[in-house]
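User: Please take a close look at one part of this model. I would like the pairing, the surroundings and the confidence in one connected account.

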Amino acid sequence: MRTVSVLAYDGMSPFELGIVTEVFGLSRPELDVPWYRLVICADGPVRVVGGATMLAGYGLDDLAAADTVIIPGVSDVRSPVPEPVVAALRTAHARGARLVSICSGAFALAAAGLLDGKRAATHWQYAALLAERHPAVEVDADVLYVDDGDILTSAGSAAGIDLCVHLVRADHGATVANAVARRLVVAPHREGGQAQFIEAPVQEPTEDAVAASMTWALANLAAPITVESLARLAHLSTRTYLRRFRLTAGTSPIRWLITQRVQASLALLESGEHPIPDVAAAVGFDSPVTYRHHFTRAMRTSPSAYRRAFRERG
C-alpha cells in the first residue's frame with residue numbers, strides 16, 4: 001500500500017486538500033487494487049480559508065516519510081516558505097519519495113532547490129514570479145502539469161485534479177484511472193494547456209456543435225477522421241471549426257485527436273492481449289510506425305516499453 005502525504009498549512013484553501021483527499025483518501029473496493037493510505041500533515045493547528053481550524057493527525061516527519069508527498073498551493077507566494085517545510089521536502093527527496101505540487105505549491109519545491117534545472121508548472125498568474133525568483137527553474141506557463149518522474153508540478157487548482165488522476169494512471173494503469181475519473185465526473189485526460197483559460201475564459205454558445213463533434217470522434221477513434229469531416233458534423237466551415245475548436249480545447253483538432261488515440265491505446269497495451277499493430281489499428285492510427293512515433297512523443301516511452309513497465313508494476 002502506497003502512502004500519500006499532503007501538507008496542511010495556515011491560510012490554505014481547503015479545495016486543493018479536498019482534491020487529494022477525494023482521489024487518494026477514499027477507499028475504492030470496486031477497483032480491486034491496493035489503494036493508498038492518505039495522511040494529512042501539519043506543523044501544528046492550521047487555520048484554513050473561511051475561519052475553520054484544522055488539527056492534523058500527523059506532523060512533518062510523517063510528511064517526509066511518505067511514498068508520495070503533495071504540497072498544495074502556498075497561502076502567499078511572496079512570503080518565504082517555512083524552513084521546517086523546506087527541510088521535510090529535502091528529506092523526502094533524499095530518500096526517494098515522489099514529490100508533487102498543486103498550483104503555487106511549486107514555490108515550496110523551488111525554495112527547497114528541488115526544481116533547479118527542471119521544467120515545472122504553476123498557475124499562469126504566478127509563472128513570471130516563479131521564474132524571476134528561481135531562474136534555475138524552467139517554468140512552463142502553458143501546460144496543465146509536468147511529470148518529471150520523481151517530481152511533478154501542476155498549474156491552477158483544477159489542474160491538480162488532472163495531475164492526481166495522472167498519478168493514479170502511473171501507479172495502476174489507464175483502466176483504474178478512468179474509473180476514478182468517472183467517479184469524480186471529470187475527463188480522464190484533458191488536452192491543451194492554460195492558454196485556453198488566459199486568452200478565452202468565456203466560450204461562445206455555438207461551441208456545443210464542436211463539443212458534439214468531439215464526442216462523436218471519441219466514439220469512433222478507429223475510423224478515418226479529418227478536420228473536414230469534423231467540421232461537416234458541426235455544420236461549420238473548416239476555417240470556423242478550427243478557430244472554435246482551439247477556443248474549446250486549447251489545441252488543434254489533429255493534436256487533440258492524436259492524444260485521444262494514444263490515451264485510448266493504454267488500456268489495450270495494459271491488457272497484453274493485442275499485438276502492437278492491432279492496437280494501432282484499433283485506435284485509428286494508419287500504421288504501427290505512426291502509432292509508435294506519436295506514442296513515444298506523448299508518453300516519452302515506446303508502446304512495448306510501456307506494456308513491460310505496466311506488467312512489472314502489476
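Analyst: Strand 9 and strand 10 form a hairpin, with 3 residues between them. In the turn, Gly149 has a positive phi of about 90 degrees. Strands here are DSSP runs of E with at least two residues, helices are runs of H or I with at least four residues, and both are numbered from the N terminus. This is a predicted model: local features need pLDDT of at least 70, side-chain atom pairs count only at pLDDT 80 or more, and totals for chains, interfaces and linings use all residues. Residues are numbered from 1 along each chain as its sequence is written, and side-chain values use heavy atoms, with hydrogens and water left out.

Strand 10 covers residues 151-154 and pairs with strand 9 in the antiparallel sense, over 3 bridges. Two strands pair if DSSP finds at least two bridges between them. Val146 stands opposite Thr153 of strand 10. Strand 6 also pairs with strand 10, in the parallel sense and again over 3 bridges. There, Ser101 stands opposite Thr153.

Now the whole sheet. It is open, with 6 strands in the order 2-1-5-6-10-9 and mixed pairing. Strand 2 (37-41) and strand 9 (145-147) stand at the edges. Each has a single partner strand, so one side of each is left without a neighbour in the sheet. The twist averages 15 degrees from one strand to the next.

In a regular strand the side chains alternate between the two faces of the sheet. Both faces of strand 10 are covered. Ile151 and Thr153 are buried on one side, Leu152 and Ser154 on the other. Buried means under 20% relative accessible area, exposed over 50%, and partly exposed in between (1.4 Å probe, protein chains only).

Helix 6 (residues 157-172) lies across strand 6 (98-101), strand 9 and strand 10. Helix 6 runs at about 150 degrees to strand 10. Axes are lines fitted to C-alpha atoms, for helices over the stretch in contact (heavy atoms within 4.5 Å). Angles run from 0 to 180 degrees between N-to-C directions. Helix 1 (residues 14-25) lies across strand 1 (3-7), strand 2 and strand 5, at about 160 degrees to strand 2.

Last, confidence. pLDDT is the predictor's confidence in each residue, from 0 to 100. The chain averages 88, and 92% of the residues score at least 70. Confidence is highest in strand 5 (residues 68-71), at 98, and lowest in helix 8 (residues 195-199), at a mean of 39. Over residues 192-206 the pLDDT is below 50.
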